[in-house]
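These are my notebook entries on what I looked up in the structure. I worked through strands, helices, the chain contact and one single residue.

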Amino acid sequence: MKDKLKNFIFSELIYHEDPASFGDDDDLLEAGLDSMGIMRLIMFAEKEFGVTLPDTEIEPDNVNSLNALHRWITRAGRRQ
Amino acid sequence: MTAATSLLFNPADYFTYVLDQEIRKAGMPGGYCGFALQLAGKPDLDKLQQRLDLLVTKFPKASARIERQGKRQVWIPTGQRIELERHQAKDDDDTGRLLVEIFNRHESRPLTFHWIAGPTGGTLLLNWNHPLLDARGAKIMLDFLTAEQPERFEDSASLIETKLAQWSLWKKLKLLFKAKRHNDEANRSDSCLPTSVEQGPQKLELKTRNFDAEQSKRIAGLALQHTGLAGRTLYYLGCFMRAMERVGPPHARTGYCIPYAFNLRRQNAPTPVFGNHVGCLFARAPRELVHDRKALFVHLLKQHTQVVRDELDLAYLPLMRLGQWLTPSRYARFLRKQHSGNELSSLWFSDIGDLSWGAKGFLGIPVTGLTMMCWMTLPPGLALLVGQLDGKLSLSYSYLSPAIDDVWLDAVIAAMDDELLENSPR
């Protein structure tokens with residue numbers, strides 16, 4: 001899951017000279033993930049992993065790293 | 001010049017060209033935009049000129065002219081040098097006067113650079129015609145001019161065409177009809193307009209509002225609270241709708257409609273430099289909802305998330321590709337007119353995002369301020385450009401005079417400050 005997320009983020013949303021060096025806990029917001037990017041990322045995750053990510057849960061703690069995203073998507077999946 | 005050297009417009013270039021033509025048709029210079037950087041000192045202007053020369057060599061489109069070939073518009077590189085134009089200002093007021101004067105000139109070149117020397121430091125103005133590149137591209141071009149490794153900067157294919165090529169014909173058709181339905185919906189409610197006069201010669205004027213770091217932080221916190229992490233732009237749009245409603249729109253109709261762009265470029269990417277790589281979205285709200293601050297932000301956020309969920313952000317891409325085959329005047333009618341025949345946009349808006357030249361500055365000189373400007377159609381005759389320089393929020397209002405009443409706009413700007421900082425009684 002993290003690989004798919006990472007691939008989408010660095011091919012569509014953020015430029016990084018060496019995406020492989022971007023760690024799972026590195027800050028995506030500091031790397032340039034903006035409000036539009038967050039929405040596109042959520043739509044990608046919902047489609048790709050078949051989950052619903054509620055708008056009320058769109059907060060920094062859920063989207064600021066690959067690990068945070070992974071945890072959020074996993075939690076949402078368990079609820080369904 | 002042979003046809004092989006011509007560079008075809010992409011769908012978003014043509015979209016902006018159509019609006020450029022509408023502005024020219026009304027007797028104004030065209031779809032020009034400007035970034036003015038206030039610098040704490042004088043940069044090495046010879047070095048800057050060398051970089052401008054390199055820009056033309058590396059990106060011939062930088063000094064090209066527009067030509068029609070068949071039914072399409074193309075850029076024909078001229079190879080002409082971009083001369084850094086130098087001006088002298090007596091003081092800050094004089095700098096402001098010169099900025100407005102330069103920006104009001106009728107221009108045929110797609111890109112010009114100006115250095116306005118002041119008593120301390122000066123202002124670098126980049127003035128560009130929108131079909132050439134979008135605001136994100138302009139920022140990349142400024143980075144190119146100061147980069148230690150300019151060879152990193154390359155042009156690439158249109159991101160819109162690349163995206164369209166990934167979709168099947170059926171997906172494109174599905175999105176096209178979605179976009180058409182969405183547009184039809186947007187055209188049903190009549191938009192409030194800020195104009196009091198819509199005839200006669202116009203001059204573009206500027207008003208800027210700069211917030212300090214503490215105020216900017218407070219506004220960012222309020223945006224997060226009201227429109228969440230996914231909607232900072234919506235906070236500015238909602239605040240503006242409320243500010244205009246509080247003062248009273250000169251043309252009061254049923255609601256507000258403000259188009260805003262989303263950029264297909266990756267954040268921080270040094271490529272592509274030229275071309276427009278944007279889609280279009282609308283923030284819409286009926287007047288009665290604008291009176292309720294909390295409900296307005298809930299509505300705008302819900303509208304925005306629904307649009308992204310329905311892929312309406314991407315739906316405009318096939319529509320724009322089809323638009324390339326329409327004449328400018330026919331396309332303009334489609335873009336601007338509501339079912340009532342009135343203008344769709346209550347305001348032209350762009351959120352440039354965060355800018356920083358950091359400790360290195362621009363060619364080694366600290367950047368202390370930023371003013372953004374753009375021409376727009378009449379109506380609405382008013383544009384709001386938002387950007388953050390080193391975490392400090394800056395709002396630049398470009399407006400047409402006498403179409404927009406100066407006293408009215410001052411009142412709207414004061415109300416906007418209150419709305420952004422949540423100072424207003426609710």
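Entry on a hairpin. In this predicted model, I looked up strand β3 (residues 64-69) of chain B and found that it pairs with strand β4 (residues 72-77) of chain B in the antiparallel sense, over six bridges. For the register, I noted that Arg68(B) stands opposite Gln73(B) in β4(B). I then turned to the connection: the hairpin of β3(B) and β4(B) has two residues between the strands, and Gly70(B) takes a positive phi near 65 degrees there.

Entry on chain B as a whole. I recorded 13 helices and 14 strands in chain B. The radius of gyration of chain B is 21 Å, close to the 22 Å that the globule rule gives for 426 residues, so I entered chain B as being as compact as a globular protein of that length. Along its principal axes, the C-alpha trace of chain B spans about 55 × 50 × 45 Å. I noted that 45% of the 426 residues in chain B are buried. I also looked up the sequence separation of contacts: among those in chain B between residues at least 6 apart in sequence, 78% join residues at least 24 apart.

Entry on an open sheet. I traced a sheet of four strands in chain B with the order β8-β14-β13-β11 and mixed pairing. Its edge strands are β8 (203-210) and β11 (348-355) of chain B, each of which pairs on one side only. From one strand to the next, the twist averages 15 degrees. I followed β11(B) to its partner, strand β13 (residues 382-389) of chain B; the two run parallel and are joined by seven bridges. In this pair, Asp351(B) stands opposite Val386(B) in β13(B).

Entry on a helix pair. I looked up helix α7 (residues 213-227) of chain B against helix α8 (residues 232-247) of chain B, and found them packed at an angle of about 95 degrees with their axes 9 Å apart. I therefore entered α7(B) and α8(B) as roughly perpendicular to each other. On the α7(B) side, the contact is made by Leu222(B), Ala223(B), His226(B) and Thr227(B); α8(B) contributes Arg232(B), Leu234(B) and Tyr235(B). By class, I recorded four nonpolar, two polar and one charged residues in the contact of α7(B) with α8(B).

Entry on the two chains. I found 18 residues of chain A in contact with 15 residues of chain B. On the side of chain A that touches chain B, the elements giving two or more residues are α1 (2-13), α2 (35-49) and α3 (60-63) of chain A. The largest share of that side comes from α2(A), with seven residues. I sorted the residues of the side of chain A that touches chain B into 10 nonpolar, three polar and five charged.

Entry on one residue. Is Thr146(B) exposed, partly exposed or buried? I first placed Thr146(B) in helix α4 (residues 135-146) of chain B. Thr146(B) has 18 other C-beta atoms within 10 Å, so I entered it as partly exposed. Not counting residues up to four places away in sequence, Thr146(B) touches Phe362(B) and Leu363(B). Thr146(B) and Leu363(B) are 217 residues apart along the chain, and I noted that their C-alpha atoms are separated by 5.4 Å.

Technical notes. Residues are numbered from 1 along each chain as its sequence is written. Chains are lettered from A and ligands numbered from 1 in the order in which they are written. This is a predicted model: local features need pLDDT of at least 70, side-chain atom pairs count only at pLDDT 80 or more; totals for chains, interfaces and linings use all residues. Two strands pair if DSSP finds at least two bridges between them. The radius of gyration is taken over C-alpha atoms; the globule rule is 2.2 Å times the number of residues to the power 0.38. A residue is buried if 20 or more other C-beta atoms lie within 10 Å of its own, exposed if 12 or fewer, and partly exposed in between; C-beta atoms are placed from the backbone. Two residues are in contact if their C-beta atoms, placed from the backbone, lie within 7 Å. Axes are lines fitted to C-alpha atoms, for helices over the stretch in contact, and angles run from 0 to 180 degrees between N-to-C directions. Angles under 35 degrees count as roughly parallel, over 145 as roughly antiparallel, 65 to 115 as roughly perpendicular and the rest as oblique. Ala, Val, Leu, Ile, Met, Phe, Trp, Tyr, Cys and Pro count as nonpolar, Asp, Glu, Lys and Arg as charged, and the others, Gly among them, as polar.
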